[in-house]
Amino acid sequence: MTFSIHGLAVARGIAIGRAVLVASSRVDVAHYFIEASQIEAELQRITSARQAVMQEVQRLHQSVPKDAPPELAALLEVHMMMLQDELLADGVKHWVTDRLYNAEWALTSQLEVVTRQFDEMEDAYLRERKGDLEQVVERLLRHMKGLPTTLPQPTPRKTSSWQQDQLLDDSHDVPLVLIAHDLSPADMLQFKQSVFTGFVTDVGGKTSHTAIVARSLDIPAVVGARNASQLVRQDDWVIIDGDAGVIIVSPSPIILEEYSFKQRQAQLERERLARLKNTPAVTMDGQKIELLANIELPEDTTQALAMGAVGVGLFRSEFLFMGREGQLPDEEEQFQAYKRAVEGMKGLPVTIRTVDVGADKPLDRTTKDEAHLNPALGLRAIRWSLADPSMFLSQLRAILRAAMHGKVNLLIPMLAHAREIHQTFQLLAQAQQQLDRRGVAYGPLRVGAMIEVPAAALSLPLFLKHFDFLSVGTNDLIQYTLAIDRADEQVAHLYDPLHPAVLHLLANTIAQGAAAGKEVSLCGEMAGDPAYTRLLLGLGLRHFSMHPTQLLRVKQEVLRADTSRLAAWAQGVLNADDPSAALLS
Ligand code: PEP
Ligand code: MG
């Protein structure tokens with residue numbers, strides 16, 4: 001039966017494909033596709049893990065004390081039975097052989113299939129066995145990761161065994177869409193090279209970092225879809241409408257036809273926009289506008305150039321630091337990455353932002369920072385860098401060295417205090433001295449500050465005195481001004497770029513920057529949303545940095561704009577009680 005689920009639209013377009021569910025697991029699981037030649041080895045990894053876990057459970061079973069509650073031995077027997085069950089093994093084999101999933105992903109996918117069958121069972125006892133199965137799979141995953149496996153908690157037991165349906169056999173040529181409860185930014189990045197034609201997650205806000213990476217992939221995505229990962233089943237046909245933020249599950253032929261038509265229209269629109277690639281971004285009244293790219297990896301420079309970006313306005317360097325299980329990249333590795341980005345831009349400037357981890361960008365694939373009460377207000381971005389000077393110094397040295405190979409700007413995130421500014425410049429001077437002592441060459445840097453904490457936006461003279469340029473990070477500026485967690489879909493309706501408080505901070509930053517003769521750019525998601533282009537131009541913004549995928553749409557708005565007329569209108573929007581209504585006037 002056809003049904004729809006509503007979420008937040010984060011990346012435009014229509015995707016139609018079969019659902020691939022990425023099950024959430026308590027163990028951090030990597031998801032990637034293997035080569036056909038690796039199938040045997042991957043299956044062998046699962047067999048070895050099963051054998052090892054089996055031996056371990058048998059050992060535990062034998063060592064259960066005579067006076068222990070009888071449930072404990074019985075529980076371990078259930079686990080042994082599940083480990084030996086050929087149906088579980090066959091299902092896992094299907095995911096590896098037919099879909100080319102890596103072993104861990106195959107295990108969690110099969111777990112998802114089977115647990116849903118448990119959920120539907122009439123018999124309460126059988127339904128409860130789901131927890132046992134989850135523990136067994138978790139033991140296998142932990143074993144494969146080399147983690148200690150934990151003793152399961154006993155649960156009340158009756159009798160019986162469990163069953164599963166045969167899986168649909170399928171070829172791997174159909175388009176696939178990914179449905180997950182949550183995906184970390186690092187997970188998303190991993191899927192960058194993958195075959196998925198669309199993404200859906202249950203959680204996340206419009207400017208959560210997962211949504212930002214999804215947007216950079218330029219494929220339709222919906223986040224904050226609440227319980228999509230519960231409602232959609234493996235292999236369901238799904239339409240993702242990334243414009244409306246809607247997911248349609250098991251569409252009827254008529255709906256399918258309508259969306260296929262929309263998909264073709266969107267493709268035609270892309271082809272039309274592509275013609276603007278080499279057109280200079282100049283407004284009707286002759287104002288030159290700089291349209292720059294936001295990138296996550298050095299390889300993204302190819303796309304940036306392909307879309308006609310005139311430089312990189314934000315290289316989020318933290319993506320080099322993620323998913324490395326604590327092994328941070330050293331100076332040399334970072335230098336090579338920055339140099340690749342600089343060379344990739346072929347002489348155009350590259351703004352490298354120092355590492356901004358924390359909040360919804362954890363270093364590893366765990367989905368949320370649960371150790372801290374308010375991670376967005378915690379040790380994040382420059383605070384993290386200043387807390388570990390030797391790590392920060394190696395990043396600064398790497399960036400300084402990369403500046404030998406092209407125009408490089410250094411950008412510092414999340415600054416709020418004069419003390420942080422001074423410490424940053426002291427460490428920059430120290431990094432230069434260290435390179436001098438080593439006799440290593442480095443290039444000149446322009447140094448900029450991100451304005452993304454209201455405290456910074458309210459103490460601009462301090463920032464304008466010390467920095468060569470400012471870059472407004474509206475994603476965080478909105479979050480911190482309105483006290484709305486940008487990654488929390490439950491308050492997403494309150495996350496408002498047009499709130500008068502936000503607009504005043506933004507307008508004031510642009511105006512004070514212009515008065516001081518310093519460049520102000522905007523690199524938050526607002527810069528890449530064509531709905532705001534005219535307003536930002538009217539407020540005096542001349543430097544926009546966005547995902548390359550947004551660039552041509554924004555350029556189209558720039559080409560149609562007349563800033564001499566927009567300025568007065570923008571002041572009206574700024575002072576309106578309801579700026580979103582005034583924006584449409
Ligand atoms: C911002 O906050 O607007 C920004 C560009 O930085 P990030 O999204 O990486 O926090
Ligand atoms: Mg930010």
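In this predicted model, Leu-292 touches quite a few residues from elsewhere in the chain. Leaving aside its neighbours within four places in sequence, its contacts are Ala-309, Val-310, Gly-311, Val-312 and Gly-313, along with Phe-544, Ser-545, Met-546 and Leu-551. Leu-292 itself sits in strand E9, which runs over residues 290–295. With a relative accessible area of 7%, Leu-292 is buried, because anything under 20% is put in that class. A further pairing can be read from the backbone: the C-alpha atoms of Leu-292 and Gly-528 are separated by 9.9 Å, although their positions lie 236 residues apart along the chain.

Next comes the metal site. The magnesium ion, ligand 2, is held by two side chains, Glu-452 through OE and Asp-476 through OD, at 2.0 to 2.1 Å. Glu-452 belongs to the loop between strand E13 (445–451) and helix H15 (454–457), while Asp-476 belongs to helix H17 (residues 474–482), so the pair ties together parts of the chain that are 24 residues apart in sequence. How accessible are these two residues, buried or exposed? Glu-452 has 2% relative accessibility and counts as buried. Asp-476 also comes out at 2%, and it too counts as buried.

Glu-452 turns up again when the empty spaces inside the protein are examined. The structure holds 5 cavities of 30 Å³ or more. The second largest cavity encloses about 70 Å³ of space. It is lined by 15 residues, and those closest to its centre are Arg-316, Arg-353, Met-450, Glu-452 and Asn-475. Two elements, strand E10 (312–316) and helix H17, each put at least two residues into this lining. H17 gives the most, with 3 residues. Sorted by class, the lining of this cavity has 7 charged, 5 polar and 3 nonpolar residues.

The largest pocket has a volume of about 660 Å³. Its lining is made of 31 residues, and Ala-9, Val-10, Lys-206, Arg-215 and Asp-529 lie nearest the centre. Strand E2 (8–11), helix H17 and helix H19 (530–538) each supply at least two residues of that lining, with the largest share, 4 residues, coming from E2. H17 therefore appears in the linings of both the second largest cavity and the largest pocket. By class, the pocket lining has 13 nonpolar residues, with 9 polar and 9 charged ones alongside.

Charged pairs are the last topic. The count comes to 23 salt bridges. One of them joins Arg-340 to Glu-299, with the closest N and O atoms 3.3 Å apart. This pair links distant parts of the chain: Arg-340 is in helix H11 (residues 331–344), Glu-299 is in the loop between E9 and helix H10 (301–306), and the two are 41 residues apart. Both ends are partly exposed, Arg-340 with a relative accessible area of 43% and Glu-299 at 45% relative accessibility.

Helix H11 also takes part in another long-range pairing, in which Arg-438 forms a salt bridge with Glu-331 and the closest N and O atoms are 2.8 Å apart. Here, Arg-438 comes from helix H14 (residues 418–438) and Glu-331 from H11, with their places 107 residues apart in the chain. Which of the two partners is buried, and which is partly exposed? Arg-438 is partly exposed, with a relative accessible area of 45%. Glu-331, at 9% relative accessibility, counts as buried.

A third salt bridge stays inside one helix. The side chains of Lys-339 and Glu-343 meet at 3.9 Å, N to O. Both residues lie in helix H11, 4 residues apart, which is about one turn of the helix. Glu-343 counts as partly exposed, at 42% relative accessibility. Some salt bridges also share partners, and in this way Glu-318, Arg-353, Asp-356, Arg-380, Asp-476 and Arg-486 are joined into one network. Two of these names have come up already: Asp-476 is a magnesium ligand, and Arg-353 is among the residues closest to the centre of the second largest cavity.

Key:
Residues numbered from 1 in each chain as written. Chains lettered and ligands numbered in written order. Predicted model: local features only at pLDDT ≥ 70, side-chain atom pairs only at ≥ 80, totals over all residues. Heavy atoms only, no water. Donors = N, O, S within 2.8 Å, 3.2 Å for Na, K, Ca; no water. Buried < 20%, exposed > 50% of the residue type's maximum accessible area, 1.4 Å probe, protein only. Contact = heavy atoms within 4.5 Å. 1 Å grid on protein atoms, 1.4 Å probe; cavity = no way out; pocket = protein on both sides within 12 Å on 5 of 7 lines; lining within 4 Å. Points joined across faces, edges and corners; volume = space filled by probe spheres on them. Nonpolar A, V, L, I, M, F, W, Y, C, P; charged D, E, K, R; others polar. Salt bridge = Lys/Arg side-chain N within 4 Å of Asp/Glu carboxyl O.
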